[in-house]
Amino acid sequence: MSQEVDSAVVITMDHLKVDNPLNTLRPEENRVELLKVLVPALTEIKHLSTFNPGIGEPHIPICCKQEVTMHW
Amino acid sequence: MVTQELTMASLYEVQEKIRNRELSPVELTQQMLKNLELSQGVLNAMVTITPEIALAQANRAEQEILSGNYRGPLHGVPIVYKDLYYTKNVRTTASSKILSDFVPDYDATVVRHLTDAGAVMLGKSQTHEFAKGGLTDSPHFGPCRNPWQLDRVPGGSSGGSAAVVAAGLAFMGTGSDTAGSIRIPAACCGVVGLKPTYGRVSRHGIFPLAWSLDHVGPITRSVWDAAICLGVMAGYDSHDPTTVTLPVPDYTQGLTDIDLTGVKVGVPIKQYFEDLDPEIKAGVLAAVDRLSDLGAECREVEIPNLEYTLGVQMAIGMSEAAAIHHQWLSERIEDYAPDVRWKLEAGRFISAVDYLRASQIRPFIQQGFSQVLSEVDVLVTPTLPIVAPFMGTEMVSVNGKPESVSDVMIRFTHSSNVTGFPTLALPCGFNSENLPMSMQLIGRPFAETDVLRVGYAYEQVTQWHTRHPHWENDLT
């Protein structure tokens, strides 16, 4: 895992800490179960930050149909 | 008389007998309802069986056919719908507690198409809860079992449809596919699963999992059967703005010739043939050899940007699913199966930036596949790196490396949801434990005819699709 990916995952994990105000309703045992799913997913997702499409590219498609038809 | 052999026949054979008035749709339906009821104690593949509707539709079909009003190859043919498909006045649960009493007041567009074609609805098949998983082990309706080996999962999320079709309990089961949910159970159960191009088949009236990745399609026992069903299911629908106005071709056209001379087949060896069960690797590579024998020009290819597909699928899939379930996650969190709950809740922690970044990268992945598919007509890959896992297994070892079952199941399938390209899964052999193995054929957008043609040719020179499980031996 690159340092960039690693730190991005850590930041997101911080939001889930028991003492984080954003997370006051989450019991500890639920947090553990959630993290089992979330950590591998976020690791994969944060890997996207290593993709470099080029400055300003591409223009983001507006809707699914255009996304499909415009790029084929 | 409706024999066991007939209930295991392909849709192709059965529709011929019905059309020629050699087979009564009513007798066929009665026998299949009986078998389906019996199977519940063994396979538990259905959420709801609808004998009254089935017999009424079969009676109507029989009367119409006898009076010379034959509607086509699905007329009088018994099928099942995944329990995500809305069926008017018939409960549609998504194998969930939350929707356990939900009775839609309209049919999904695809249900309407199939009903208009004369298909007979036997009932609603099990799904992984809300289609969010590959095991079809709903705690609310009990786990569905794999007819090849009852202690194994049928795959998912369309596990009920695949189990029913493999077991000879229906001639087609509908599926939906967001990361592989048609192809994974088709692979686990040794049947054919077709995920069409995004926009080819309407999703209107089918409970969504992730709207920009969701596809719907058929699960059948042969490629010809899948082609016929797709032809009925496909088409523009004003209720689903992602559907396209392209005409629906006759998908069976070209399914007569097994000569693949001139067809170019790409095999992404480095990207799809490492870290998988050696028996599956050997099975798919042997299938590539058969395609060469049939005249296809097979060569190794490499797909650009493939390493980003899983991140894109997860960022988009998890976010869209969390958005769809947002209200229930706040109000009915305890009513989800634990694994579905964690997966949906995790989606709430994907940032908007991650979602949009994934959307930004997605066209590059589509371009990567398009680039390779401008040089070859179809790609051949394994459907799954493993055979159907044992029920209750969370981790598996693939070539000695531990991996979670949920990750390994979607490893080779999810990229076709990111691209939207048509993908056919079909049996390519059995392993040493007599469990089915499967390969995928990936084609260009709206070129379902290509993957069907290659799949059909392969099927004609192999016998895998004629092998059936003997789940009935476990009836007590």
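On a 1 Å grid over the protein atoms alone, a cavity is a set of points where a 1.4 Å probe fits but cannot get out, while a pocket is an open set with protein on both sides within 12 Å along at least five of seven lines; lining residues have an atom within 4 Å of a point. Grid points are joined across faces, edges and corners, and a volume is the space filled by probe spheres set on the points.

This is a predicted model, in which local features need pLDDT of at least 70, side-chain atom pairs count only at pLDDT 80 or more, and totals for chains, interfaces and linings use all residues. Residues are numbered from 1 along each chain as its sequence is written, chains are lettered from A and ligands numbered from 1 in the order in which they are written, and side-chain values use heavy atoms, with hydrogens and water left out.

**Exercise 1. Cavities**

Find how many cavities of 30 Å³ or more there are, and describe the largest cavity.

Solution. Start with the count, which comes to five cavities of 30 Å³ or more. Next take the largest cavity, which holds about 50 Å³ of space. Its lining consists of B:W148, B:A166, B:C189, B:G190, B:V191, B:R221, B:H465, B:R467, B:H468 and B:P469. Finally, sort these residues by class: five are nonpolar, three polar and two charged. Here Ala, Val, Leu, Ile, Met, Phe, Trp, Tyr, Cys and Pro count as nonpolar, Asp, Glu, Lys and Arg as charged, and the others, Gly among them, as polar.

**Exercise 2. The two pockets**

Work out which elements line the largest pocket and which line the second largest pocket.

Solution. Begin with the largest pocket, where about 1,200 Å³ of space lies. Of its 39 lining residues, A:V37, B:D339, B:K343, B:S404 and B:S406 lie nearest its centre. Two or more lining residues come from each of α2 (28–46) of chain A and α11, α13 and α15 (405–410) of chain B. Helices (H or I, at least four residues) and strands (E, at least two) are DSSP runs, numbered from the N terminus. By class, this lining has 18 nonpolar, 13 polar and eight charged residues.

Now turn to the second largest pocket, with a volume of about 550 Å³. It is lined by 22 residues, and the closest to its centre are A:E44, B:L310, B:E403, B:R411 and B:H414. The elements giving two or more residues here are α2 of chain A and α9 (269–272), α11 and β11 (401–404) of chain B. The class tally for this lining is eight nonpolar, five polar and nine charged.

**Exercise 3. Where the chains meet**

Describe the contact between chain B and chain A, from its residues to its salt bridge.

Solution. First count the residues in contact (heavy atoms within 4.5 Å): chain B gives 41 and chain A gives 29. Then take the buried area, meaning the accessible area (1.4 Å probe) that two parts lose on being put together, summed over both. This area is about 3,200 Å², and carbon and sulfur atoms give 71% of it. B:Y308, B:W342 and B:F349 supply 22% of the area that chain B buries against chain A, more than any other three residues.

Next look for a salt bridge (a side-chain nitrogen of Lys or Arg within 4 Å of a carboxyl oxygen of Asp or Glu). The interface has one, and it joins B:D354 to A:K46 at 2.6 Å, N to O. On the side of chain B that touches chain A, α11 (309–324), α13 (338–346) and α14 (352–372) each supply at least two residues. The most comes from α14(B), with twelve residues.

**Exercise 4. A link across the sequence**

Explain what the salt bridge between B:R152 and B:E433 ties together.

Solution. Over all chains there are 22 salt bridges. In this one, the closest N and O atoms are 3.3 Å apart. B:R152 sits in the loop between β3 (120–125) and α6 (159–166) of chain B, and B:E433 in the loop between β12 (423–430) and β13 (436–443) of chain B, so the pair ties together parts that are 281 residues apart in sequence.
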